[in-house]
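Got a few minutes to walk through a protein model? Have the sequence and the 3D view open side by side while you read.

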Amino acid sequence: MSTRGTVLRSHGPGEQLKAEEVELTAGPGETLVEMRLAAVTPLDRSTLAGKQPSVPFMPGSEGAGVVVRSDAFEAGTPVVVRGEGVGVTRDGVWGRYAVVPNAAVHRLPSSLEPGTALALMTPALTAHTAVRRVADVQEGETVVVTGVTGLVGHMCAAIARSAGASRVIGLVSLDDRADGATGVVDQLVRVDGLGQVGRELPWCDAVIDTMGGPVAGGVLGHISPGGRIAALGYKAGEFTTIDLHQLIGRDLRVLPVNLQRTTLAPDAVGQALADIAAVSWRADYEVVPAERIGDVLDRQAGRVLLDLTGL
């Protein structure tokens, strides 16, 4: 059974996107989604500017909607679509309807608004990769998150909790306001600009470091033997000093979080959204009608979502 709907299609690099009515049919292993919102991502802009896999081509690598037909999901299920080449090597989600692989469909937690989920997708996947994939936080562990007042740091703390950490400790700068972090951590510890932390910072099994600089070197001395530090950011500085006696003597691991070289697990998107669903998030984004896509394609700042319901 096929469905007719309007989609935005490109007829080649540099070509203006055109609204066209097409017929869509979901085959085995595919899901037909009624799209509501779609993100305008750097990947979408890059795909439109380069050689597209087919012409005409429907862009859109991230979106949110409701399942219409599927052999894997019940009709009416709110979902997020991302991955499996959607919008890159196969048609995307910039349309009233989209046919996508089942593996690209992820249930949307009821506590997350579709717009919030799309706006937070990238930081959530970054934090998920750092906590679950690289640091591999396990149930019962004590985890320290540096820079916990930042969005990614805040998410790392929430995901560590979801992964089963028995204690999550947030490290914040002396001049940082930490009111918003108290709900996701068990303890807040201050660190100065030289990376000096107080004795109240206990031994931990893992550190998720979003700050870098002297903070990374300072917190290393509080990791238990056999523990690890996942290096995620360096807003406190690109260079740090590592005590090799501590590193070797306590058998510590320094693990870089490199998103370009890390392949996401098939369930990463759904897991990341589920991990952050228990926390209230504020997401800044602008919603524009799909027919105004030409006004925002060249915009580099800010998160833009397309309203696809008017197509």
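What follows is a short tour of the model, from the whole chain down to single residues.

## The big picture

First, keep in mind that this is a predicted model. The protein has eight helices and 15 strands. Along the principal axes, its C-alpha trace spans about 65 × 40 × 35 Å. How does the radius of gyration of the protein sit with that of a compact globule? For 311 residues, a compact globule would come out near 19 Å, and the protein has 22 Å, which agrees.

Buried residues account for 51% of the 311 in the protein. If you look at contacts with a separation of 6 or more, 67% of them are between residues 24 or more positions apart.

## Surface and charge

The accessible surface of the protein adds up to about 14400 Å², and carbon and sulfur atoms hold 49% of that. As for charge, you have 27 positive and 35 negative side chains. The centres of those two sets lie 1 Å apart.

## Arg303 and its surroundings

Go next to Arg303, which is placed in the loop between α8 (293-296) and β15 (304-307). Is Arg303 buried or exposed? Its relative accessible area is 17%, so Arg303 counts as buried, the cut-off for that being under 20%. The Arg303 side chain reaches the backbone oxygen of Leu118 at 2.8 Å.

Leaving out residues up to four places away in sequence, Arg303 touches quite a list: Ala39, Val40, Thr41, Glu62, Leu118, Ala119, Met121, Thr122, Asp284, Tyr285 and Glu286. Two of the names there, Glu62 and Asp284, are acidic residues that you may want to pick out in the viewer.

## Tyr285, a partner of Arg303

Tyr285 is one of the residues that Arg303 touches, and Tyr285 lies in the loop between α7 (268-276) and β14 (286-289). With a relative accessible area of 34%, Tyr285 is partly exposed. Which residues does Tyr285 touch, if you skip those up to four places away in sequence? They are Gly115, Thr116, Ala119, Arg303 and Leu305. Ala119 turns up in the contacts of Arg303 too.

For a sense of distance, try Tyr285 and Leu264: they are 21 residues apart in sequence, and their C-alpha atoms are 25 Å apart in space.

## His222 and Ser224

Now move to His222, in the loop between α5 (213-220) and β12. His222 is buried, at a relative accessible area of 16%. A polar atom of the His222 side chain lies 3.1 Å from the backbone oxygen of Leu201. Setting aside neighbours within four places in sequence, His222 is in contact with Val197, Gly198, Leu201, Pro202, Trp203, Cys204 and Arg250. From His222 to Ile169 is 53 residues along the chain, with 12 Å between the C-alpha atoms.

Ser224 sits in strand β12 (residues 223-231). Its relative accessibility is 18%, so Ser224 counts as buried. Beyond the neighbours within four places in sequence, Ser224 is in contact with Trp203, Cys204 and Leu252. Trp203 and Cys204 are also on the contact list of His222.

## Backbone oddities

Where is the cis peptide bond that joins a valine and a proline? Look between Val55 and Pro56, where omega is about 0 degrees. Pro56 lies in the loop between α1 (42-49) and β4 (62-70). Another proline, Pro42, is found in helix α1, and at 63% relative accessibility Pro42 counts as exposed. The C-alpha atoms of Pro42 and Val86 are separated by 14 Å, with these positions 44 residues apart along the chain.

Two aspartates have a positive phi. For Asp136, phi is near 50 degrees, and for Asp251, phi is near 55 degrees. Asp136 is in the loop between α3 (121-134) and β8 (142-146), while Asp251 is in the loop between α6 (244-249) and β13 (253-256). Asp136 is partly exposed at a relative accessible area of 40%, whereas Asp251 counts as exposed at 54% relative accessibility.

Conventions:
Residues numbered from 1 in each chain as written. Predicted model: local features only at pLDDT ≥ 70, side-chain atom pairs only at ≥ 80, totals over all residues. Heavy atoms only, no water. Helix = DSSP H or I, 4+ residues; strand = E, 2+ residues; numbered from the N terminus. Buried < 20%, exposed > 50% of the residue type's maximum accessible area, 1.4 Å probe, protein only. Polar contact = N/O pair within 3.5 Å; in protein donor to acceptor, adjacent residues only side chain to side chain. Contact = heavy atoms within 4.5 Å. Rg over C-alpha atoms; globule rule 2.2 N^0.38 Å. Areas by Shrake-Rupley, 256 points an atom, 1.4 Å probe, with all protein chains shown as cover. Lys, Arg positive; Asp, Glu negative; His and termini not counted. Charge placed at Lys NZ, Arg CZ, Asp CG, Glu CD.
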